[in-house]
Amino acid sequence: MEKPNTTYPKLLVEKARMYQNRVAMREKYKGIWQEISWNTYLEKVKNFSLGLAELGVQAGDHVSILGENCPEWVFADIAAQSLRGVSVGIYPTNSEEQVKYILDHSRSRFVVVGDQEQTDKVLAVKDSLPMLRNIIVIDMKGLRHYEDPMISSFSAVEERGRTADQENPDRFYKFVDQTEPQDEAFIIYTSGTTGHPKGCVIPHQNHIYNIHAINDIFQFTDNDSVVSYLPLCHILERGVSISIPLVIGYTVNFAESIDTVQQNIQEISPTFFAAVPRILEKLYSTIQIKIEDTTRFKRFMYHFWKPVGERVAQYRMAKEKIPLLWTILYWLGYLWSFRSLREKLGLLNCKMLMSGGAPIAPEILTFYHSLGVYAIEMWALTESCGGGTGPHHEVKAGAVGEPIRSVKLRLADDGEILIHSDSVFAGYYRDPEATREILRDGWLHTGDIGEIDEDGQLHIVDRKKDIIITSGGKNISPSEIENKMKCSPYIKEAIIIGDRMKYLTALIQIEYDNVGNWAQSNKIAYTTYKSLAQNSEVYELVKHEIEMVNETLARVETVKKFKILEKELDQDDEELTATQKVKRKVIAKRFQKEIEEMYA
Amino acid sequence: MAVIEKDPPVQLEVSSLSINFGGIHALNEVSLAVKKGEIYSIIGPNGAGKTTLFNCISGIYHPQEGSIQFEGSEIQLQKPHKIAQMGIARAFQNIELFRGMTVLDNLMAAKGHSMKYGLLRAAVYIGRCLREEIRCRDEVEEIIEFLDLQNLRKSPVASLSYGLQKRVELGRALAMNPKLLLVDEPVSGMNVEETEDMARYMLDVNEEMNITIILVEHEMGVVMDLSDRVTVLNFGTKIAEGSPREIAQDPQVINAYLGETQKLSV
């Protein structure tokens, strides 16, 4: 496979020429989906880009973007790349300190921020950022009387660009022509379950190369649509909402606000839905709970048709022909139950659902298959430019499929997955030591332990550093057990502990809404999360759930004791990353007392 | 604190207002002048006459003595709906919304006074009626966006939390396109986060929509942070007026409002 000889700005110019007034994006504003055509997309990027040039952005400059998903985020991103600048995404949920770290480490001279909340974060730390020159604000609400000379509005920068464009209409296209496929396109700061986040430098060419290869699995056309709702600074959402549309030309929909995402997904009913396990687990447990609360007839129908869905799911996953009888039964089930469930989930038109970012329990994916949604799990890293594996033919529960065409993959002697450096990132920004450590002898050392089965499908065992070795010498993958536990609607987060110990234990965070619901219907009084967590009946409930999981596990893998955490894990308390992954080290330290009690 | 231009004109002038209820002096010779664009707070112990003053301004009570001038014209004897049309809206302390109706319907209902079409047109729903409805919905959507109510458009008011109902109440007042907003205890009964949000919205309303605000509030933190000027009422009489800092140090105020031992914090 040839590496593509292009860049994202070039792709935008090309797509705008091809699609003209076709819809590139939609954004819900004032309750109505407003359309943005490819021409407008290009126009906006052009103006903002020239505006940035007027402000002094040059090739190699770093432009950070800090805000919720919106079309302007995308415009700013491609605009910076058009000048051969590098864009750096920052999670809008990051704290002042984290924002400061990334702005400082990435040596950003410019930052585009979403709204007042984000502006305040930057203003609070700007004195310790000597490199920073401009703060460009997308939504100026509440900022009218901020008099900091560094602040300018997004539209003002666009306006400057528009004037510059009128004086010299070719200027933007000259800039775009100068962009090179090997250029650095953007830096992604990995949320980092240990230590400070590291900045992965992603070149245009390798990312586009991987996207072409991934499309073997996705089979996107320009008639597809997605809803952008995960953070855009994560490689998964960036791929789905910015990069793949520039390659394929499908439509991206931006939700009205974070609170309306679920409603908006229902309205749009996207044809492709990418999610992290946390969201798929949440949707799954919501359905389990709602079914118990619904009318008897609906509940009966759900339980009646569920086995049919599951049986047909087996055929679908194996890509086998479904026998006629099952097809008929399935369609009856679709009419009575599956259809309305899919509608509620916003998956009515969904052709493919993808889970990535972390391992997911096979039970969850099977559930979506049983509704008739083709659900797959994929594996990739930020460091591998989003290239990794995905099921090309058969979907196997627990496997993440075969390597995509652009990726050369092999296992090291200890089972660590290695990817050939041909298609991976350019290195960690300002951290040659970490780069040397991960890129050795021409191979990217992913830090994940895997196995390849007889069909050539990859199975992820766990992160190399997370694998638990019990005092009996058994190797145990904690995430597999954790994911099984998280299938329970009452368990939100499970952290398995037991490295160099005699037996395994778990710290459990209960799902507040669902357990609260359960408590109400069982007449158990509670006031807060803490009082629920301390309740002895809740303990019994969780114990029962864990015993159920234990039955499916080998003896050494069973969880002997557990504790319910008395506080909810929080990103602000550094217990979770921005993508809601648990930081084991922090948690092990913070809950040391609880852990010691379990081994006392 | 609101950011206002230098020396703005007086928008609402209350002069020597008095009202008695069966011998009780609810208000006694109260005078105050609210300037355009400012946030003006009225504080005082329970029964000091704060809500009575609001009722006088919005035309529910008609005072026995004194005058109230809004942008130069006398409104003392006007009916409440006329006063509302002139541009004085009010957000009530005890949320006055249609509880069974959705947020959107409540906000649209508040637009009723500005929709100009008759019964006949409404029956066929074309022409001016349609145009008016679309114009009003557009304005209502701006308020929804402003107050971040997007996810609640179709939720019945009764199903919302108290803090959100208060926000919708503010939205309902805003939907009347006011020039002057009377806000009665906007943060009473709210938790810290809801209070902060509400204070932020009040500042935004004042700054972005350029609306003058008269605030009655017991929560001193909010009053001190938001207000440009504060008036203190005690048993229907005005005992002090000035900037929050001046008020906090006024011995008479401390005495009347908090007892002698405590001090107001700025």
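Here are a few worked exercises on the two-chain model above.

Some ground rules: this is a predicted model, where local features need pLDDT of at least 70, side-chain atom pairs count only at pLDDT 80 or more, and totals for chains, interfaces and linings use all residues. Residues are numbered from 1 along each chain as its sequence is written, while chains are lettered from A and ligands numbered from 1 in the order in which they are written.

**Exercise 1. Work out how chain A is built overall.**

Step 1: start with the secondary structure. Chain A holds 21 helices and 28 strands; these are DSSP runs, H or I of at least four residues for helices and E of at least two for strands, numbered from the N terminus.

Step 2: check the dimensions. The C-alpha trace spans about 70 × 60 × 55 Å along the principal axes of chain A. For 600 residues a compact globule would have a radius of gyration near 25 Å, and chain A agrees, with 25 Å. (That radius is taken over C-alpha atoms, and the globule rule is 2.2 Å times the number of residues to the power 0.38.)

Step 3: look at burial. In chain A, 48% of the 600 residues are buried. Buried takes 20 or more other C-beta atoms within 10 Å of a residue's own, exposed takes 12 or fewer, and partly exposed lies in between, with C-beta atoms placed from the backbone.

**Exercise 2. Do the bookkeeping for chain B.**

Step 1: count the elements. Chain B has 10 helices and 10 strands.

Step 2: check the dimensions. The box filled by its C-alpha atoms is roughly 65 × 40 × 40 Å along the principal axes of chain B. A compact globule of 266 residues would have a radius of gyration near 18 Å, and the 19 Å of chain B agrees.

Step 3: look at burial and contacts. Buried residues are 38% of the 266 in chain B. Among contacts in chain B with a separation of 6 or more, 66% join residues 24 or more positions apart; a contact means C-beta atoms, placed from the backbone, within 7 Å.

**Exercise 3. Trace the open sheet of chain A and find its edges.**

Step 1: write down the order. Eight strands of chain A run 7-6-5-3-4-8-9-20, with mixed pairing. Strands pair if DSSP finds at least two bridges between them.

Step 2: find the edges. Strand 7 (151–153) and strand 20 (427–428) of chain A each have a single partner strand, so one side of each is left without a neighbour in the sheet.

Step 3: zoom in on one pair. Strand 5 (residues 110–113) and strand 6 (residues 134–137) of chain A are parallel, over 4 bridges. A:F110 has A:N134 as its bridge partner in strand 6 of chain A.

Step 4: add a helix. Helix 3 (residues 71–82) of chain A packs on the sheet and touches strand 3 (62–66), strand 4 (86–90), strand 5 and strand 8 (184–189) of chain A. The direction of helix 3 makes about 175 degrees with that of strand 3 of chain A; axes are lines fitted to C-alpha atoms, for helices over the stretch in contact, and angles run from 0 to 180 degrees between N-to-C directions.

**Exercise 4. Find what covers helix 14 of chain A.**

Step 1: list the buried residues. Helix 14 (residues 362–370) of chain A buries A:I364, A:L365, A:F367, A:Y368, A:H369 and A:S370.

Step 2: find the cover. The elements over these residues include helix 11 (277–293), helix 12 (296–317), strand 13 (352–355) and strand 14 (374–377) of chain A.

Step 3: step past the end. A:G372, just after helix 14 of chain A, has a positive phi of about 90 degrees.

Note on methods:
Two residues are in contact if their C-beta atoms, placed from the backbone, lie within 7 Å.
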